[in-house]
Amino acid sequence: MHLRTNAPELCRQWFEEIEPVGVAGGVLRLRAHSNIHRDYLQRQCNEPFNDAARTVSQMLITVQFLGPDDQVSAAPSTLTTFDPPASERIDRPSGGVNGRTPTTGRNGPVERAARVAAEQAARSTAEAAHSAVEPRAVGAGLNGTPRPSLPLALNPDYTFEHFVVGPSNRLAHAAAMAVSANPGRAYNPYFVHGSVGLGKTHLLQAVCLKILQTNPTARIYYTSCEGFITQFMEAVQAGEMSAFRHTFRDVDVLVIDDVHFLAKRDRTQEEFFHTFNSLYQAQKQIILSSDAPPEEIPDLEERLVSRFKWGLVSHVGPPCYETRVAILKNKARMRGFELPDDAACHIAARIDSNIRELEGAIVKVQVMASVEKRPIDLEMAISALGPDPGAVSAGRQVQIQTIIDVVTAYFGVKVTDLQSKRRHRSVAIPRQVCMFLCRRYTRYSLEEIGGYFGGRDHTTVMHAVKTIDARMETDQEFARTVRLLDEQVRIPSIT
Ligand code: ADP
Ligand code: MG
């Protein structure tokens, strides 16, 4: 609860699964359900958890995160262990995030543990609270920021369960699933490309997480291309090439993110070529991502281009509107709250290219909700992201043809009717609506719009705009119709 209020952007639904192990010597131990979750907590959440534990317990407590198999380092006699009562356990349906209602977090692991800590402290002496038991560093890369040359840590958010599949990424996703089910055999290498923020890193990590889930001892080396380059240069300088080769070749899966950074790196390309061959021959899985298809990576040696195409090259594109809505809802659930449909639709209409920005928007409304202490609604989404998406983002892209398609389909008239001289209401109203929407969403002048609809002059268009505006003021039914068409024009995919 404390965390949800003070660091809402950090909170994840799976925090509810963290088990408090106990408190000893001023150290509160919390057990995560996998080492990847533990590492994430250590990397991202140390301070906020310490802060929460101290605030809730009113004591100087340090939090230590454990993985499922990590041993508690303190003497057992000093340890207060406890299980949450059955009523506090959260029963979640199997099969991922769907169908799960968010929990309140009032009885979150920190709160439960802190209560016990407070009770224990009341009994024990001050000496216990300041004993020399230091939180033990568990796992790799825990102290300070990891050097770029170390393998990158996996993000537990980037699972297949949290990856929303749509037309823009269906193939890339299917191939990634196949690779994770059959590493080294399905597609080797697996190469995914697309612009920034469209899910390449997420897919790569999902493959790693899935492989580790099936085979926890799999040797996976996941790094950025820069990590590979840095390690290579360090190895050359230190004359430690055999250690370098051991690192990159004695693995089951090698994942290099953003491999386009190999451009112009002749010596690194040479080394990577040999790394690739060695792994490939041993039927070890190679996974690569890039911002361009292999043949379009500038200054990439031909032999690497052709190797990158040996397996499967797949593409991720910008997500369509429905996919964006689904991603928003999925991300919200992952963070432990529900995003109402209208708020999700507003955000999805407002942000239409980069998925990373969608996530930024989620965090923004989440923080806003926690500051204002009320549930998220459309109004909040609008004030967090600005009003009328049509006018700002999609507006520039609305085509006159889209307006005509939407309006003629709705009123059941033909475009030739709109362009004719007919003045019957059944034609005049759709024509005026078209003019109104063209004025709103296109850059055409009054004359151009008039010209398009049967050679009418600019005063006719002005009159049309005024007429529609006035009627929307007085006729609610009509106003609803125009708003619906307006929406369909901005977001053609929902028609
Ligand atoms: P890239 O590596 O292509 O630049 P990332 O993989 O870092 O992009 O994705 C950016 C953000 O968008 C991440 O938070 C990721 O979880 C999210 N994201 C991208 N695609 C999807 C998807 N299909 N479903 C859910 N989240 C996605
Ligand atoms: Mg990336």
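A residue counts as buried when its relative accessible area is under 20%, as exposed when that area is over 50%, and as partly exposed in between. In this predicted model, C345 has a relative accessible area of 27% and is therefore partly exposed, and C320, with a relative accessible area of 26%, is likewise partly exposed. A disulfide is a covalent bond between the sulfur atoms of two cysteines. With a cut-off of 2.5 Å between cysteine sulfur atoms, the count of disulfides comes to zero.

The remainder of this report concerns ligand 1 and its surroundings. Around ligand 1 there are 18 residues, of which G197, T201, H202, K331 and E359 come nearest. For some of these residues, polar contacts to oxygen atoms of the ligand can be listed.

| Residue | Polar atom of the residue | Distance to an oxygen atom of ligand 1 |
|---|---|---|
| G197 | backbone | 2.6 Å |
| H202 | side chain | 2.7 Å |
| K331 | side chain | 2.6 Å |

Taken alone, ligand 1 exposes 550 Å², and the protein buries 96% of that area. Two or more residues of the shell are given by each of the elements α7 (200–214), α12 (321–334) and α14 (355–372). Sorted by class, the residues of this shell comprise seven nonpolar, seven polar and four charged ones.

Where does ligand 1 lie with respect to domain 2 and domain 3? Because domain 2 (160–315) and domain 3 (321–386) both contribute residues to the shell around ligand 1, the ligand lies between these domains.

Methods: Residues numbered from 1 in each chain as written. Chains lettered and ligands numbered in written order. Predicted model: local features only at pLDDT ≥ 70, side-chain atom pairs only at ≥ 80, totals over all residues. Heavy atoms only, no water. Near = heavy atom within 4 Å. Polar contact = N/O pair within 3.5 Å; in protein donor to acceptor, adjacent residues only side chain to side chain. Areas by Shrake-Rupley, 256 points an atom, 1.4 Å probe, with all protein chains shown as cover. Helix = DSSP H or I, 4+ residues; strand = E, 2+ residues; numbered from the N terminus. Nonpolar A, V, L, I, M, F, W, Y, C, P; charged D, E, K, R; others polar. Domains from an automatic or database assignment. Buried < 20%, exposed > 50% of the residue type's maximum accessible area, 1.4 Å probe, protein only.
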